[in-house]
Amino acid sequence: MIAGVDRDGLAESLVELIRRTTSKLPDDVIKRLKEYRTKEEPGKMACRTLDTIMENVDMAQSASRPICQDTGTVTFDIQHPLGARQSEIREIVKEAVVAATAKNYLRPNVVDSLTGEIKSDNIGVGHPVIHFEQWDNDYLEVTLVLKGGGCENVGAQYTLPQPALKAGRDINGVKKVVLDMVVKAQGKGCAPGVLGIAIGGDRAEGYAIAKKQLKRKLDDINPNPVLAELEGWVVEQANRLGVGPMGFGGKTTLFGAKATTLDRIPASYFVSISYMCWAYRRRTMTIRNGEVQHD
Ligand code: SF4
C-alpha cells in the first residue's frame, strides 16, 4: 500500500492523471489565455488564432483526447512519504504510461536516439522522466507535466556576460538575454507561451530548476520583489515585440514568466530558460489515506 492505495488503485489514478493532463488545460492557464484574448483586436489574426486555440481546448476536453498531437516529454514529479518504495512506484508509473498510450491519451512519442526506432508504448531509456522526493508529509503528491518538442527546442541557456547583447552579470543582463531568447523563438514554439527562468546554478541544475518554475500557478506572486519585477517586465516587453499567437503578429507573445535563483560559483553565471507553449499541460493529484484528489 502507498498512501493507503494498493498497486492497482495507484495505477488507475495515474492513468486518470494522464487523461486529465493531456486533455484539459489547468484553470489558471485557461483564465489567462481568455484574459489575453480580450486584449487583441476582434477580427484580427491574433484574436482569431486565440479563438481557434480555445476551440481546440474545448473539443479536446469534451472528447478526452490530446490537446496537441505532440503529447511531449512525460515528466512526473513525485513527492512521497517515508516508507514508500521508489522502485515500486516507478514500475506502477510505467504501467500507467503504457495503459494511457493504449487508450490514446498519449501518442507514441519516444524514439531511440541511435536507431530511430519508435517505442510504441512510450517506455524508453529515460522515459517517462520521473523525479522523486521523499518528504515529511503523510501523503503522496504527483505532478505531471507534458511538454512538447516545439517549445522544448526553443529553450535556451546563456552565460553572462554576453558582450554582443551588452548583457552584464546583473539583473539587467538577465533581462537582456531572456528577451533575446523570446526574439529568437519567434515563429517557433507555438506562442503564446510561458517562461520558466533560473538565474545561477550550473548548466544541469539551471535547466532543471527553470523547468520546475512551470509547476507554479500563473497567478502566484513571487515573494522576492526583484524576481516579481523581472517576471512582470519580461511579459510586458515580450508582448511589445509583436510576435503574437503562433507568430502571426499581435500583443500576446507571452502569458506568463516565472523566475527563481540558485547560488552559483564565482566563475559561472548561467541564465536558463525553459519555454512552455500555449498547450501548457500540467496537473497534480494527491493521495491521502487512500483518497485520491485531482486538481
Ligand atoms: S509546441 Fe506545443 S502546441 Fe506546438 S506542437 Fe509542440 S506541444 Fe503542440
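**Two domains and the ligand between them**

In this predicted model, 8 residues of domain 1 are in contact with 6 residues of domain 2, two residues being counted as in contact if their C-beta atoms, placed from the backbone, lie within 7 Å. β1 and β5 each supply at least two residues of the side of domain 1 that touches domain 2, and the largest share of that side, 3 residues, comes from β5. By class, this side of domain 1 holds 1 nonpolar, 3 polar and 4 charged residues, where Ala, Val, Leu, Ile, Met, Phe, Trp, Tyr, Cys and Pro count as nonpolar, Asp, Glu, Lys and Arg as charged, and the others, Gly among them, as polar. The domain assignment of the protein chain gives domain 1 as 7-24 + 67-148 + 281-294 and domain 2 as 150-276, with bounds that come from an automatic or database domain assignment. The C-alpha centres of domain 1 and domain 2 lie 27 Å apart.

Residues are numbered from 1 along each chain as its sequence is written. Because the model is predicted, local features need pLDDT of at least 70 and side-chain atom pairs count only at pLDDT 80 or more, whereas totals for chains, interfaces and linings use all residues.

The protein chain contains 8 helices and 11 strands, these being DSSP runs numbered from the N terminus (helices H or I, at least four residues; strands E, at least two). For its 295 residues, a compact globule would have a radius of gyration near 19 Å, and the 20 Å of the protein chain agrees with this; the radius is taken over C-alpha atoms, and the globule rule is 2.2 Å times the number of residues to the power 0.38. The C-alpha atoms fill a box of roughly 55 × 50 × 45 Å along the principal axes.

One open sheet is formed by 5 strands in the order β4-β1-β5-β10-β11, with mixed pairing; two strands are taken to pair if DSSP finds at least two bridges between them. β4 (129-134) and β11 (291-294) stand at the edges with a single partner strand each, so one side of each is left without a neighbour in the sheet. Strand β10 (residues 281-288) pairs with β11 in the antiparallel sense over 4 bridges, and arginine 288 has glutamate 291 as its bridge partner in β11. Helix α4 (residues 86-102) packs on the sheet, where α4 touches β1 (73-80) and β4 and makes about 145° with the direction of β1. Helix α1 (residues 7-23) lies across β5 (140-147), β10 and β11 and runs at about 155° to β10; axes are lines fitted to C-alpha atoms, for helices over the stretch in contact, and angles run from 0 to 180 degrees between N-to-C directions.

A further open sheet, also of mixed pairing, has 4 strands in the order β6-β9-β7-β8. Its edges are β6 (156-159) and β8 (254-261), each with a single partner strand, so one side of each lacks a neighbour in the sheet. β6 and strand β9 (residues 270-276) run antiparallel and are joined by 4 bridges, and glutamine 157 has serine 272 as its bridge partner in β9. Helix α6 (residues 171-185) lies across β6, β7 (193-199), β8 and β9, at about 35° to β9.

The residues around the ligand are Cys68, Asp70, Gly72, Gly148, Gly149, Gly150, Cys151, Gly189, Cys190, Cys277 and Ala279, a residue being near a molecule if its C-beta atom, placed from the backbone, lies within 6 Å of it. By class, this shell has 5 nonpolar, 5 polar and 1 charged residues. Domain 1 and domain 2 both give residues to the shell, so the ligand lies between them.
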